[in-house]
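Trainee: Please take me slowly through one part of this structure. Then show me how other parts of the chain compare with it.

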Amino acid sequence: IQGGLLYFGAGFGIFLTTIFKKRNKTLRLTLKELPYLISMILLDISAITFLVIGISKTNSSNVSLLSNFELVATSLVACLFFKEAVSKKLFGAIILICIACAILSFEGFEGFIFNQGSIFVLLATLCWGIENNCTRCLSIKDVREITIIKGVFAGFFGIVLSLILKETVPDVKIIILTMLIGFISYGVSVSLYIFSQRHLGAAKTGAYYSIAPYAAVILSLVILGEKLQMQFFMALFIMIIAGILVIQDTLNA
């Protein structure tokens, strides 16, 4: 249920910001964007459903490793179906990023097993890959409006799904704190992500966005006092090479 609250908090929090700053009427969504908007919502809902099923049928380390396929799915869909220019240098960087993320989330060979749950996790990443490209098509419009719709609908569905699965409902204090975290970590993050897609495209934005796991590791080091392991430095080295390739591709664009 926390996942649904995070999404809902993102949408609701961004909605509250519109009280202080009015939205640009010229950037508001129209009926022309409706197919992409509906697709974005349905794909988010499908991805959440597949992920929940996948988590219930496989282990967490398996889910962490396979979730890295989202970037590849986003890039392939962008290139093959949305005709987005993905250079050989960028695609090579994307492969390196996925390898680096896989190393970072690797917990041993005993944790990885391709089973029925793995298929559902991959389906979830494919849905998110297509959804990222639908969002890219909407990115020329009001970013906050897109984030509100995305957060509220995905959050509401996540909460309903959790209640159907009879998950424990947290107390009001936890609900408020979770929604607040959702506003900061999801709402602001998704808004910036969509804004970046407007200028960089789905594939390149996804590549830059993949630095997130490293930010998480650094925060866990500072806040939780966790120790860095050798796999972090191995992944970091690969990520630096990939980052240089992405930056070069951006400068040459």
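**A close look at helix 11**

Mentor: The buried residues of helix 11 pack against three partners: helix 5 (88-105), helix 9 and helix 10 (212-223). Keep in mind that this is a predicted model. Find helix 11 at residues 230-252.

Which residues of helix 11 are buried? They are Phe232, Ala235, Ile238, Met239, Ala242, Val246 and Asp249. Mark them on the helix before you go on.

Now check the length. Helix 11 has 23 residues. At 1.5 Å a residue, they should span 33 Å. The C-alpha atoms at the two ends are 34 Å apart, so the model agrees with the expected span.

Take one partner, helix 9, which covers residues 202-209. The axes of helix 9 and helix 11 come within 10 Å. They cross at roughly 145°. Is the crossing left-handed or right-handed? Helix 9 passes helix 11 in a left-handed crossing.

Look at who meets whom there. Helix 9 brings Lys204, Ala207 and Tyr208. Helix 11 brings Val246, Ile247, Asp249 and Thr250. By type, the residues of this contact are four nonpolar, one polar and two charged. Two names should look familiar: Val246 and Asp249 are also among the buried residues of helix 11.

Next, zoom in on Met239. Met239 sits in helix 11. Buried means under 20% relative accessible area. Met239 has 10%, so it counts as buried. What does Met239 touch, leaving out residues up to four places away in sequence? The answer is Ile97, Ala100, Cys101, Ser210 and Tyr214. For scale, pick Asp142. Met239 and Asp142 are 97 residues apart along the chain. Their C-alpha atoms are separated by 32 Å.

One of the residues touching Met239 is Cys101, which leads to a new topic. Cys101 is buried, because its relative accessible area is 8%. How many disulfides does a search of the whole structure find? It finds zero. Cys101 is therefore in none; the nearest cysteine sulfur belongs to Cys98, and a disulfide needs sulfur atoms within 2.5 Å. The sulfur of Cys98 is 6.6 Å away from that of Cys101. Recall what is being ruled out. A disulfide is a covalent bond between the sulfur atoms of two cysteines.

Cys134 gives a second case. The closest cysteine sulfur to that of Cys134 is in Cys137. The two are 6.3 Å apart, which is too far for a bond. Cys134 counts as buried, because its relative accessibility is 5%.

Move on to helix 6, residues 116-138. Asn132 lies in this helix. Is Asn132 buried or exposed? Asn132 is buried, with a relative accessible area of 7%. Asn132 touches Glu70, Thr74, Tyr193, Gln197 and Ala202, again not counting residues up to four places away in sequence. Ala202 falls within the residue range of helix 9, the helix that crosses helix 11.

Ile119 is found in helix 6 as well. At 41% relative accessibility, Ile119 counts as partly exposed. Ile119 and Ile176 are 57 residues apart along the chain. Their C-alpha atoms are separated by 34 Å.

Another partly exposed residue is Val52, with a relative accessible area of 31%. Val52 lies in helix 2, residues 34-57. Val52 touches Leu161 and Leu165, with residues up to four places away in sequence left out. From Val52 to Glu131 is 79 residues in sequence. In space, C-alpha to C-alpha, that pair is 18 Å apart.

Finish with two loops. Lys83 lies in the loop between helix 4 (69-80) and helix 5. The phi of Lys83 is near 55°, a positive value in a residue other than glycine. Lys83 counts as exposed, because its relative accessibility is 67%. Lys166 lies in the loop between helix 7 (143-164) and helix 8 (172-200). Lys166 also has a positive phi, about 60°, although it is not a glycine. Lys166 is exposed, with a relative accessible area of 74%.

Terms used: Residues are numbered from 1 along each chain as its sequence is written. This is a predicted model: local features need pLDDT of at least 70, side-chain atom pairs count only at pLDDT 80 or more; totals for chains, interfaces and linings use all residues. Side-chain values use heavy atoms; hydrogens and water are left out. Axes are lines fitted to C-alpha atoms, for helices over the stretch in contact, and angles run from 0 to 180 degrees between N-to-C directions. Helices (H or I, at least four residues) and strands (E, at least two) are DSSP runs, numbered from the N terminus. A crossing is left-handed if the near helix is turned anticlockwise from the far one by less than a right angle, and right-handed if clockwise. Contact means heavy atoms within 4.5 Å. Ala, Val, Leu, Ile, Met, Phe, Trp, Tyr, Cys and Pro count as nonpolar, Asp, Glu, Lys and Arg as charged, and the others, Gly among them, as polar. Buried means under 20% relative accessible area, exposed over 50%, partly exposed in between (1.4 Å probe, protein chains only). The expected span of a helix is 1.5 Å times one less than its number of residues.
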